[in-house]
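Work through these exercises with the sequence and the structure side by side. Try each task before you read its solution.

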Amino acid sequence: MTLAEISLTGDLARPARLTVPDLLGWRQHRVRVAFECSTSGTQYHRFAGPRLYDVLSDAGPGFDPVRRKDRLRFLIAVTGSDGHHALLSWAEIDPDFAHAPVLLAVSIDDDALDRAGPQLVLPQDRCGARHISGISAIRVDGGYDWRQLVPATPAPGSAAAS
Ligand SMILES: Nc1nc2c(c(=O)[nH]1)N[C@H]1C(S)=C(S)[C@@H](COP(=O)(O)O)O[C@H]1N2
Ligand SMILES: [Mo]
């Protein structure tokens, strides 16, 4: 049987490749979710798997752990094997911030996802679109530079101000 693999890359001390059986090595959580899809209506599923937060924390994200503010620049980019893609912020899943119970599901309705790859589960989402199935890659990115969004404000009286 061919096992799907996900790559964990980015600003991590311990980048990794993980299969669904590898994901059984973290504490498992079970959840029932209902989500709405604009094309197929409301769907109900049971999922089981580790918390995304636990798996990514063990990969060693490159922020200063004692400075909470330093975590706020981190993004989590999740990609499915079909190219479907979504971004989360680190603060969304961090227990010191929004603490969303996001899972990397290893099973859906008791069917193992070993071949298909894990599915992102966001019990807090009304819409199904971020429940990415067949995850192939997760990239943690702390290089987001907010200063590029803010126009530089020259100091009063400086040459650049004129
Ligand atoms: N890989 C992948 N995951 C995906 C999607 C997709 O296109 N590709 N569609 C999303 C959407 S829009 C919904 S509503 C849910 C459920 O979609 P399904 O009915 O195709 O299972 O999966 C989400 N996960
Ligand atoms: Mo959807």
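The exercises below go from the whole chain to single residues and then to the ligand.

**Before you start**

This is a predicted model: local features need pLDDT of at least 70, side-chain atom pairs count only at pLDDT 80 or more, and totals for chains, interfaces and linings use all residues. Residues are numbered from 1 along each chain as its sequence is written, chains are lettered from A and ligands numbered from 1 in the order in which they are written, and side-chain values use heavy atoms, with hydrogens and water left out.

**Exercise 1. The whole chain**

Task: Describe the chain by its helices and strands, its box and its surface.

Solution:
- Step 1. Count the elements: the chain has three helices and 11 strands. Helices (H or I, at least four residues) and strands (E, at least two) are DSSP runs, numbered from the N terminus.
- Step 2. Read their order along the sequence: β-β-α-β-β-α-β-β-α-β-β-β-β-β.
- Step 3. Take the box along the principal axes: the C-alpha atoms fill roughly 65 × 35 × 30 Å.
- Step 4. Look at burial: 39% of the 162 residues count as buried. Buried means under 20% relative accessible area, exposed over 50%, and partly exposed in between (1.4 Å probe, protein chains only).
- Step 5. Look at the surface: the chain exposes about 9,200 Å², and carbon and sulfur atoms supply 52% of that area. Accessible areas come from the Shrake-Rupley method with a 1.4 Å probe; for residues, only the protein chains shown count as cover.
- Step 6. Check the contacts (heavy atoms within 4.5 Å). Among those between residues at least 6 apart in sequence, 58% join residues at least 24 apart.

**Exercise 2. The annotated stretch**

Task: Find what the UniProt record marks, and describe that stretch.

Solution:
- Step 1. The unreviewed UniProt entry carries the annotation "domain: Oxidoreductase molybdopterin-binding" for residues 6–115. UniProt positions are given in the numbering used here, feature names are shortened, and annotations may be inferred rather than shown by experiment.
- Step 2. Over residues 6–115 the chain is 14% helix and 41% strand. The end C-alpha atoms of this stretch are 11 Å apart.

**Exercise 3. Buried or partly exposed?**

Task: Place Val 55, Thr 19 and Ser 89 in their elements. Then class each one by accessibility.

Solution:
- Step 1. Val 55 is found in helix H2. Val 55 counts as buried because its relative accessible area is 1%. Leaving aside neighbours within four places in sequence, Val 55 is in contact with Leu 8, Leu 18, Leu 23, Trp 26, Pro 50 and Leu 104.
- Step 2. Thr 19 lies in strand E2, residues 16–19. Its relative accessibility is 10%, so Thr 19 is buried. With the same neighbours left aside, Thr 19 is in contact with Leu 3, Ala 4 and Glu 5.
- Step 3. Ser 89 belongs to strand E6, residues 85–89. Ser 89 is partly exposed because its relative accessibility is 28%. Beyond four places in sequence, its contacts are Phe 74, Leu 75 and Ile 76.

**Exercise 4. A residue in a loop**

Task: Which backbone nitrogen does the side chain of Asp 70 reach?

Solution:
- Step 1. Find Asp 70 in the loop between helix H2 (52–58) and strand E5 (75–80).
- Step 2. Asp 70 is buried, because its relative accessibility is 12%.
- Step 3. The side chain of Asp 70 reaches the backbone nitrogen of Asp 64 at 2.8 Å. A polar contact is a pair of N or O atoms within 3.5 Å; within protein, one must be able to donate a hydrogen and the other to accept it, and residues adjacent in sequence count only if both atoms are side-chain atoms.

**Exercise 5. Around the ligand**

Task: Which residues surround ligand 1?

Solution:
- Step 1. List the shell (a heavy atom within 4 Å). Phe 35, Cys 37, Ser 40, Gln 43, Asp 82, His 84, Gly 128, Ala 129, His 131, Ile 132 and Ser 133 surround ligand 1.
- Step 2. Sort the shell: four residues are nonpolar, six polar and one charged. Ala, Val, Leu, Ile, Met, Phe, Trp, Tyr, Cys and Pro count as nonpolar, Asp, Glu, Lys and Arg as charged, and the others, Gly among them, as polar.
- Step 3. Start with the side chain of Gln 43: one of its N or O atoms is 2.8 Å from an oxygen atom of ligand 1.
- Step 4. Turn to the backbone: an N or O atom of His 131 lies 2.8 Å from a nitrogen atom of ligand 1. For Ser 133, a backbone N or O atom lies 2.9 Å from a nitrogen atom of ligand 1.
- Step 5. Taken alone, ligand 1 exposes 520 Å², and the protein buries 62% of that.
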